[in-house]
Amino acid sequence: MTIEKVDALVVGAGQAGVAMSEHLSANGLSHVVLEKGRIAERWRSERWDSLVANGPAWHDRFPGLTFKGNPDAFVPKEQVADYFVDYVEKIKAPVKSGVEVTSATRLQGKPGFLVETTEGTYEAGNVIAATGAFQTPVFPDLIPAAVDVHQIHSASYKNPEQLPQGAVLVVGAGSSGTQIAEELLTSGRKVFLSVGPHDRPPRSYRGRDFVWWLGVLNKWDAEATPEADHVTIAVSGANGGHTIDFRKLAERGMLLMGRTEGYEGGKLKIAPDLTRNLSAGDANYLAVLDEADAFAERNGLDLPEEPEARILGKDTDCISNPIFELDLQDAGITSVIWATGFKRDYGWLKVDIFDASGAPLHKRGISNEPGVYFLGLPWQTRRGSSFIWGVWYDAKYLADHMTKQKNYLAYSNAH
């Protein structure tokens with residue numbers, strides 16, 4: 001059996017894997033990128049039809065290649081996937097699609113790892129898990145499967161037509177849940193939205209997109225804190241981009257509720273936290289406006305003032321008189337979409353570097369096991385780490401670290 005030897009083996013050819021390949025090549029490290037599907041597969045098959053990037057084209061990209069067309073546009077998901085295909089061709093990345101990694105184990109008596117795949121075996125000096133954190137959908141075990149309601153995860157949602165007729169409950173009000181709920185509302189569906197704690201930055205303010213404001217305010221480089229690590233962000237690039245305001249969605253007929261906590265006897269138990277969650281989201285929104293105004297004044301920026309941005313939607317009846325119990329049948333709900341995030345899946349990585357919850361033990365993507373790296377994790381080094389442009393910078397840090405370690409191992413004091 002022939003075993004191919006490489007300095008590094010990258011698992012996953014999404015944005016993280018492609019970025020990793022560019023920096024490995026720049027550092028002269030031999031490598032291969034293995035992808036069980038197609039390049040940027042999740043953009044194509046695990047997202048809804050109308051999804052666009054949440055940042056404008058000028059921002060959500062790698063430094064070495066721009067998107068075609070309007071730089072201020074929000075790029076549709078298929079074009080995002082095509083961008084990474086083009087990038088692979090541009091940098092001549094050694095990507096092998098349709099190859100799944102089944103195990104990676106530490107070599108005995110020498111550095112490196114034995115990596116088994118569906119298309120052969122590799123010896124790799126380093127292994128980079130570039131699969132990100134959005135791997136296996138989290139499907140809460142709340143509503144029994146025997147209940148006559150269609151249940152799917154947001155990763156399986158494509159468009160309103162795939163759902164049976166009737167009202168829809170969307171659980172989770174991050175970017176995915178809110179965009180899906182708004183699309184369903186616009187299509188004429190009766191929609192219930194379960195809203196948890198969240199941040200909701202303005203889509204744009206005083207003529208600049210929020211990604212620009214977060215950049216100049218140095219918020220993209222903010223490091224993780226226990227409070228910020230798991231905060232949901234409600235922002236949308238849909239329909240040309242607009243600020244998400246849950247009160248305005250309620251004015252259009254969407255029925256808002258607090259967090260979904262339980263189910264019994266055909267009824268969902270709803271937490272009494274809707275008002276608190278909306279108020280905290282408003283406070284986050286207004287705080288960004290305050291910081292933006294202060295920055296503009298301090299730096300003498302000639303940007304148009306926008307006082308109307310501080311006008312919030314009114315409290316509708318579903319906010320003033322919140323729902324604490326929801327009878328699915330009485331409400332006419334025939335579908336539930338769980339926009340409840342994802343969990344990690346590193347079953348192929350046979351190395352003791354995970355905590356009790358399955359989270360990788362690492363610092364800035366460098367694991368406790370020499371030679372094992374992670375890339376594309378939320379807050380890996382900073383707030384921007386899981387974004388297209390952010391992962392590119394994290395990849396450079398990892399490639400530089402591998403190069404330093406390789407040089408140490410190559411040292412000899414023989415004269």
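This is a short talk about the fold of one chain, two of its glycines and a group of its aromatic rings.

Hi everyone, thanks for coming. Before anything else, please keep in mind that what you have in front of you is a predicted model.

Let's start with the whole chain. Running along it you will find nine helices and 23 strands. How does the radius of gyration fit with that of a compact globule? For 415 residues, a compact globule would come out near 22 Å, and the chain has 23 Å, so the two agree. If you draw a box along the principal axes, the C-alpha atoms fill roughly 80 × 60 × 40 Å.

Now for the inside and the outside. Of the 415 residues, 50% count as buried. The accessible surface comes to about 19,400 Å², and carbon and sulfur atoms make up 50% of that surface. As for contacts, take those with a separation of 6 or more: 69% of them are between residues 24 or more positions apart. On charge, there are 42 positive side chains and 53 negative ones, and the centres of these two sets lie 4 Å apart.

Next, two glycines that I'd like you to find on the screen. Gly 112 sits in the loop that runs from strand 4 (101-106) to strand 5 (113-117). Is Gly 112 buried or exposed? Its relative accessibility is 2%, and under 20% is the cut-off for buried, so Gly 112 counts as buried. What does Gly 112 touch, once we leave aside neighbours within four places in sequence? The contacts are Thr 105, Arg 106, Leu 107, Ala 124 and Gly 125. To get a feel for distances in this model, look across to Asp 245: that residue is 133 positions from Gly 112 along the chain, and their C-alpha atoms are separated by 51 Å.

The other glycine is Gly 371, in the loop between strand 22 (366-367) and strand 23 (372-374). Gly 371 is buried too, with a relative accessible area of 11%. Again leaving aside neighbours within four places, Gly 371 is in contact with Phe 113, Gly 125, Asn 126 and Val 127. So Gly 125 turns up for Gly 371 just as it did for Gly 112. Measuring sticks aside, here is one more pair of positions: Gly 371 and Ala 19 are 352 residues apart in sequence, yet 18 Å apart in space, C-alpha to C-alpha.

Let's finish with the rings. The count for the chain comes to 16 aromatic pairs. One of them is Phe 62 with Phe 84, an edge-to-face pair at 5.5 Å centre to centre, with 65 degrees between the planes. This pair links distant parts of the chain: Phe 62 lies in the loop between helix 2 (41-45) and helix 3 (77-91), while Phe 84 belongs to helix 3, 22 residues away. Both Phe 62 and Phe 84 are buried.

Tyr 83 and Tyr 87 make another pair, with ring centres 6.0 Å apart and planes at 35 degrees, so this one is tilted. They are four residues apart in helix 3, which means about one helical turn separates them. Tyr 83 is buried at 4% relative accessible area, and Tyr 87 is buried at 0%.

Where do these rings come together? Phe 62, Phe 67, Tyr 83, Phe 84 and Tyr 87 form one aromatic cluster. Thanks, and I'm happy to go back to any of these residues on the screen.

Note on methods:
Residues numbered from 1 in each chain as written. Predicted model: local features only at pLDDT ≥ 70, side-chain atom pairs only at ≥ 80, totals over all residues. Heavy atoms only, no water. Helix = DSSP H or I, 4+ residues; strand = E, 2+ residues; numbered from the N terminus. Rg over C-alpha atoms; globule rule 2.2 N^0.38 Å. Buried < 20%, exposed > 50% of the residue type's maximum accessible area, 1.4 Å probe, protein only. Contact = heavy atoms within 4.5 Å. Areas by Shrake-Rupley, 256 points an atom, 1.4 Å probe, with all protein chains shown as cover. Lys, Arg positive; Asp, Glu negative; His and termini not counted. Charge placed at Lys NZ, Arg CZ, Asp CG, Glu CD. Phe/Tyr/Trp six-rings, centres within 6.5 Å; stacked < 30°, edge-to-face > 60°.
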